[in-house]
Every structure is written in structure tokens, then in C-alpha cells.
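Take a look at the chain below. This short report follows a helix, some strands and one residue.

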Amino acid sequence: MTEHAVVLQGHLPLALGEWPGDAGACSALMADNLALLRALLVMDDHPASNDEEGHEGLSNLETKVDLLLLLVSADIKGLGPTPLSYACILGSADLYWDCSDPAIFPTAHSKTCIALFLRPRIAMPLLLPGTMQPISAPAGTSDAHSRCHLHFHLDSRVQESLDRLIFRHHRRAVARDKDQHHPTNE
């Protein structure tokens with residue numbers, strides 16, 4: 001299904017986003033994505049020890065302020081209700097999702113932008129501009145149209161932050177699975 005070994009999976013809200021019209025809009029989109037991903041990484045971090053409080057603490061505070069400003073801005077723009085949730089698989093350069101009505105999304109080879117809400121309580125989506133890819137039906141089924149695939153391209157800083165977030169979530173999922181199958185005796 002995916003060629004990615006490390007993915008983030010879950011039922012996540014997503015919708016069509018607005019395609020960045022020019023280089024300036026694309027740059028602004030990537031800056032918003034970077035602020036969101038950095039804030040999510042900071043929110044997932046464990047509290048810093050006394051040794052790390054200096055420079056990293058200030059950077060984390062700046063990231064949180066950036067996210068707060070983005071959220072207020074999104075609210076002022078009238079973001080609206082959270083879109084429908086879909087079973088999603090997010091890899092480093094691809095997003096797959098199951099959809100009962102794929103006609104609401106562009107056809108294969110179309111350029112589009114998908115707004116993916118990594119934290120539904122935060123009304124700020126990760127915007128993934130890319131190209132819709134064709135999906136072949138699994139063997140023995142005729143339901144090829146129930147799966148959508150977007151191959152996206154992000155700038156290097158956003159890509160690095162997304163990779164870190166995906167890896168962190170994957171590592172935690174593996175640890176939870178291990179704990180469930182091998183509980184400790186206390």
C-alpha cells in the first residue's frame with residue numbers, strides 16, 4: 001500500500017485546501033507549516049531539564065507564540081468547523097486516505113492542496129500541496145476509487161520537521177504496542 005516504513009496513521013480530518021497561487025503564497029504556506037510542525041514537536045516534548053532550559057526554552061516559547069498567532073489568525077479568517085475525518089496514512093512524501101466518495105477530491109494527476117489536521121483540537125491544518133496519484137485496486141477487489149493518494153512536495157525545513165514528527169509518533173506507537181503485549185509486573 002505504501003512504500004514508507006515509518007508512517008503516522010489515524011483517523012484525521014482533511015479537506016481540500018487552497019492551492020498556493022505564486023512563489024510568495026507558497027513561501028507563506030511553508031512558513032505556516034513550519035510553525036505548526038515546530039509547535040507540535042514542542043508540545044510533544046517532555047519538559048526540559050534544568051541543563052536545557054536556556055536557549056532551547058526560549059526557542060520553544062517563540063514556537064508556542066508563533067502557533068498562538070497562527071491560531072488567532074486562522075480564527076479571524078473564519079476557518080469554520082473541522083472537516084470530515086478519514087483513515088489516513090501519512091508518510092514522508094505521500095498521504096493516503098480512504099474515502100467513501102472520492103469524487104469530492106481531484107482526479108489522478110491533478111495538482112491540489114490537502115489541508116490535514118494533525119491535531120483536530122488545533123484548528124490549524126498542515127497544508128500539503130502536491131499531485132493526486134492513481135491508485136490500483138487491491139487484488140480481488142473493484143474498489144480502487146475508495147483510496148486516495150497525494151504525493152506532496154515540501155521545502156526542506158518543513159520536510160525535516162514532518163519527518164521528525166512522523167518518526168516520534170511511530171516510535172511511541174511501537175512502544176505502546178510493546179507495552180500492551182509485554183506488560184511489566186509491578
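## A helix across two strands

In this predicted model, helix α1 lies across strands β4 and β5. The helix runs at about 125° to β5.

Helix α1 covers residues 23-44, which makes 22 residues. At 1.5 Å a residue, α1 should span 32 Å. The C-alpha atoms at its ends are 31 Å apart, so the expected and actual spans agree.

## The start and the buried side of α1

What caps the N-terminal end of α1? Asp22 does, with a side-chain oxygen 3.2 Å from the backbone nitrogen of Gly24.

Many names appear on the list of buried residues in α1. Among them are the leucines Leu29, Leu34, Leu36, Leu37, Leu40 and Leu41. Met30, Ala35, Ala39 and Val42 are buried too. The list also includes Asn33 and Asp44.

## Strand β5 and its partners

Strand β5 spans residues 126-132. Five of its seven residues are buried, so the rest of the structure largely encloses this strand.

Strands of a sheet pair through backbone hydrogen bonds, in a parallel or an antiparallel way. Strand β4, residues 111-116, pairs with β5 in the antiparallel sense. Six bridges link β4 and β5. In one of them, Leu116 has Leu126 of β5 as its partner. In another, Lys111 is matched with Thr131 of β5.

Strand β6, residues 147-152, is also joined to β5. Here there are three bridges, and the strands again run antiparallel. Met132 stands opposite Leu150 in β6.

## The barrel

Which strands close into a barrel? Six do, in the order β1-β2-β3-β6-β5-β4, with antiparallel pairing. From one strand to the next, the twist averages 45°.

## A close look at Thr112

Thr112 sits in strand β4. Is Thr112 buried or exposed? Its relative accessibility is 7%, and buried means under 20%, so Thr112 counts as buried.

Thr112 and Gly130 are 18 residues apart along the chain. Even so, their C-alpha atoms are separated by 5.6 Å. Gly130 is also in contact with Thr112.

Which other residues does Thr112 contact, leaving aside neighbours within four places in sequence? They include Leu16, Trp19 and Pro106. Leu128, Pro129 and Met132 are in contact with Thr112 as well. So is Leu150, the residue of β6 that Met132 stands opposite.

Methods: Residues numbered from 1 in each chain as written. Predicted model: local features only at pLDDT ≥ 70, side-chain atom pairs only at ≥ 80, totals over all residues. Heavy atoms only, no water. Helix = DSSP H or I, 4+ residues; strand = E, 2+ residues; numbered from the N terminus. Expected span 1.5 Å × (residues − 1). Buried < 20%, exposed > 50% of the residue type's maximum accessible area, 1.4 Å probe, protein only. Polar contact = N/O pair within 3.5 Å; in protein donor to acceptor, adjacent residues only side chain to side chain. Pairing = 2+ DSSP bridges. Axes fitted to C-alpha atoms, helices over the stretch in contact; angles between N-to-C directions. Contact = heavy atoms within 4.5 Å.
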